[in-house]
Amino acid sequence: MSWLALRSRLQESATVTPVSTEVANHKGSTEHVEHVEHVKHIAPPNRFQHAQKFDNKLSGSKFSFQDLSIAEDALPFIPPTVVKDQRSLLSQGQGRAWTVVNNIVYDCTDFIQQHPGGDTVIRSFVGEDCSWQFWRFHSKEIMDQWGRPLRVGRTEGAENRFSEPPRFFGRRGSHK
């Protein structure tokens, strides 16, 4: 199993050529030899390519991706009704896949296809807050790497249609 992972990592940076398989003696032992030639590393695609600027005229929006250096409280304010309207606009092929985490609006339109959890997860929260669900599966490092380039603004009052279930710690019955 581990050689499959190694092979997939090496596919772009090395050429693996089988050399020979020989029988060492009559007792049935074998030796498998491979020649691995290391070639120049091919750089992976830009990890922020999912945050390329979109054409505001096509999206009908005046909000575009914000520079990474802009603080969250300096992001442009987007009314929660505008965020919510993206859900119906997207279903008509005109909106953007905006989701809200901790009152920050993220444009996930171009990222949907790259999301490791699939596109259904993001599509189900377009135009809504998904803070507690997001933090159940992602870390701050993930947000900094993948989310920060997708910021388009900030909002207040976006709703999460699901209430967060309580989290219990410790043994059952020890909360008396």
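Helices (H or I, at least four residues) and strands (E, at least two) are DSSP runs, numbered from the N terminus. The model described here is predicted, and local features are reported at pLDDT of at least 70, side-chain atom pairs only at pLDDT 80 or more, while totals for chains, interfaces and linings use all residues. Residues are numbered from 1 along each chain as its sequence is written, and side-chain values use heavy atoms, with hydrogens and water left out.

**The loop between β3 and β4**

Asn 102 lies in the loop between β3 and β4, and its phi is near 50 degrees, a positive value in a residue other than glycine. Asn 103 has its place in the loop between β3 and β4, and this residue, although not a glycine, has a positive phi of about 65 degrees. As background, most residues other than glycine have a negative phi. For accessibility, buried means under 20% relative accessible area, exposed over 50%, and partly exposed in between (1.4 Å probe, protein chains only). Asn 102 is partly exposed because its relative accessible area is 44%, and Asn 103 is partly exposed because its relative accessible area is 35%.

**Salt bridges**

The structure holds six salt bridges, a salt bridge being a side-chain nitrogen of Lys or Arg within 4 Å of a carboxyl oxygen of Asp or Glu. In general, side chains of opposite charge can pair when their charged atoms come close. The table gives some of these pairs.

| Pair | N to O distance |
|---|---|
| Asp 107 and Arg 96 | 2.9 Å |
| Asp 119 and Arg 123 | 3.2 Å |
| Arg 136 and Glu 164 | 3.4 Å |

Asp 107 and Arg 96 meet in a salt bridge that links distant parts of the chain, with Asp 107 in strand β4 (residues 104-107) and Arg 96 in the loop between α3 (80-91) and β3 (98-101), 11 residues apart. Both Asp 107 and Arg 96 are buried, and together with Asp 110 they are linked in a network of salt bridges.

The partners Asp 119 and Arg 123 both lie in helix α4 (residues 119-123), where they are four residues apart, about one turn of the helix. Asp 119 counts as partly exposed because its relative accessibility is 27%, and Arg 123 counts as partly exposed at 40% relative accessibility.

The salt bridge between Arg 136 and Glu 164 runs from helix α5 (residues 131-137), which holds Arg 136, to the segment after β5 (151-154), which holds Glu 164, so the pair ties together parts that are 28 residues apart in sequence. Arg 136 counts as partly exposed at 29% relative accessibility, and Glu 164 counts as partly exposed at 45%.

**Aromatic pairs**

A search of the whole structure finds four aromatic pairs, where rings of Phe, Tyr and Trp (its six-membered ring) pair if their centres lie within 6.5 Å, and planes under 30 degrees apart count as stacked, over 60 as edge-to-face and the rest as tilted. One of them joins Phe 125 and Phe 162, an edge-to-face pair at 6.0 Å centre to centre with 70 degrees between the planes. This pair links distant parts of the chain, with Phe 125 in the loop between α4 and α5 and Phe 162 in the segment after β5, 37 residues apart. Phe 125 counts as buried at 11% relative accessibility, whereas Phe 162 is partly exposed, with a relative accessible area of 38%. The rings of Phe 134 and Trp 135 have their centres 4.9 Å apart and their planes at 90 degrees, so this pair is edge-to-face. Phe 134 is buried, with a relative accessible area of 16%, and Trp 135 counts as partly exposed at 35% relative accessibility.

**The nonpolar core**

The largest nonpolar core (a set of buried Ala, Val, Leu, Ile, Met, Phe, Trp, Tyr and Cys residues joined through side-chain atoms within 4.5 Å) has 24 residues, and those with the most contacts inside it are Ile 78, Trp 98, Val 105, Tyr 106 and Val 152. The elements that give two or more residues to this core are β3 and β4. Trp 98 can also be placed relative to Asp 85, since their C-alpha atoms, 13 residues apart along the chain, are separated by 9.6 Å. Asp 85 lies in helix α3 and counts as partly exposed at 41% relative accessibility.
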